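Okay, thanks everyone. Let me put this one up on the screen and walk you through the aromatic side chains and the packing.

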Amino acid sequence: MRAQIAQRTLRTDRWWIPPLATFAGLLLISVYAAVRTFMGDHYWVDEYRYLTPMYSPCLSQECLPGAAHFGRPLPELPGFLTPPVIIIPFLLGFRVTCYYYRKAYYRAAWMSPPACAVAEPHAKYTGETRFPLVAQNLHRYFFYAASLLLLINVYDAFYAFSTGIGLGNIVLLVNVALLGAYTLSCHSCRHIAGGRLKHFSKHPVRYWAWTRISKLNAKHMQLAWASLIFVCVTDLYVALVASGTITDLRLVN
């Protein structure tokens, strides 16, 4: 039984600020990502070979030839659909089922609970045992898909160096570094490295990997936010250069 008190909470601090800030941040990023997804334009800079991570890989017939690093095997998408809708389910699935993001939007959006020692408005709690929350168990499989997409982003970042070095190259490199750190710090990655081992001494390589990933895992929340924000920053930079709004700062031509 839960403690029965008349007040919603006995806390006197501004406990509502963190969940409110989290909700505002997630909402703002979601709106930006939705707008950019359905714009279907300004995602490729042919002169410098910059491809935004939101459109990578670009696999349908709508893709600009230069942006289709792996060809265009898929037909033209119907209606208002754009190339990102092919990869977004995997990226969104990885983020939504992430252990940190679950805590973030459970508290900020569903108020379950909104903060420690604050009563939630829900009458009962069933955990992640029923639809749709039972799908959270797919996180480890989304991790595999996200890892593959990360490798593609790494390829895109290094492919852009074939025309020289500009500020866009630095932005793309920082983006894949943050995405890589966030992916490696994932709880599923940590379990793959050292899970189900009864004797670490018999598996020194896996133990070494597990200890390194565990250190990253301690920063999983910070990496989750940093990587998410910087994906938007990278996309915005590529969009501004592609549209001619700004000029890429060239360091080496």
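So, start with Phe143: at 7% relative accessibility, this one counts as buried. Keep in mind that this is a predicted model. The ring partner to look at is Phe94, also buried, at 4%. Their ring centres sit 6.3 Å apart with the planes at 50°, so we call the pair tilted. And it ties together distant parts of the chain, with Phe94 in helix H2 and Phe143 in helix H4, 49 residues apart.

Which other rings join in? Ring pairs connect Phe94 and Phe143 with Tyr100, Tyr101, Tyr141, Tyr144 and Tyr182 in a cluster. Tyr182 also touches Arg95, Cys98 and His220, among others.

Okay, zooming out to the packing. The largest nonpolar core has 36 residues, and Phe94, Tyr100, Tyr101 and Tyr182 are among those with the most contacts inside it. Helices H1, H3, H4, H5, H6 and H8 each put in at least two residues, and H8 gives the largest share, six. There's a second, separate core too, ten residues, including Ala157 and Val241.

Now for another ring pair, Phe38 and Phe80: centres 5.7 Å apart, planes at 50°, so tilted again. Phe38 is in helix H1, and Phe80 is in the loop between strand E2 and helix H2. Buried or exposed, Phe80? Exposed, at 63% relative accessibility, while Phe38 is partly exposed at 43%.

Last bit: the unreviewed UniProt entry lists transmembrane regions, one of them 141-161. In the model that span is 90% helix, with its end C-alpha atoms 32 Å apart.

Note on methods. Residues numbered from 1 in each chain as written. Predicted model: local features only at pLDDT ≥ 70, side-chain atom pairs only at ≥ 80, totals over all residues. Heavy atoms only, no water. UniProt positions renumbered as here; feature names shortened; annotations may be inferred. Helix = DSSP H or I, 4+ residues; strand = E, 2+ residues; numbered from the N terminus. Core = buried A, V, L, I, M, F, W, Y, C linked by side-chain atoms within 4.5 Å. Buried < 20%, exposed > 50% of the residue type's maximum accessible area, 1.4 Å probe, protein only. Contact = heavy atoms within 4.5 Å. Phe/Tyr/Trp six-rings, centres within 6.5 Å; stacked < 30°, edge-to-face > 60°. Lists of a residue's contacts leave out its neighbours within four places in sequence.
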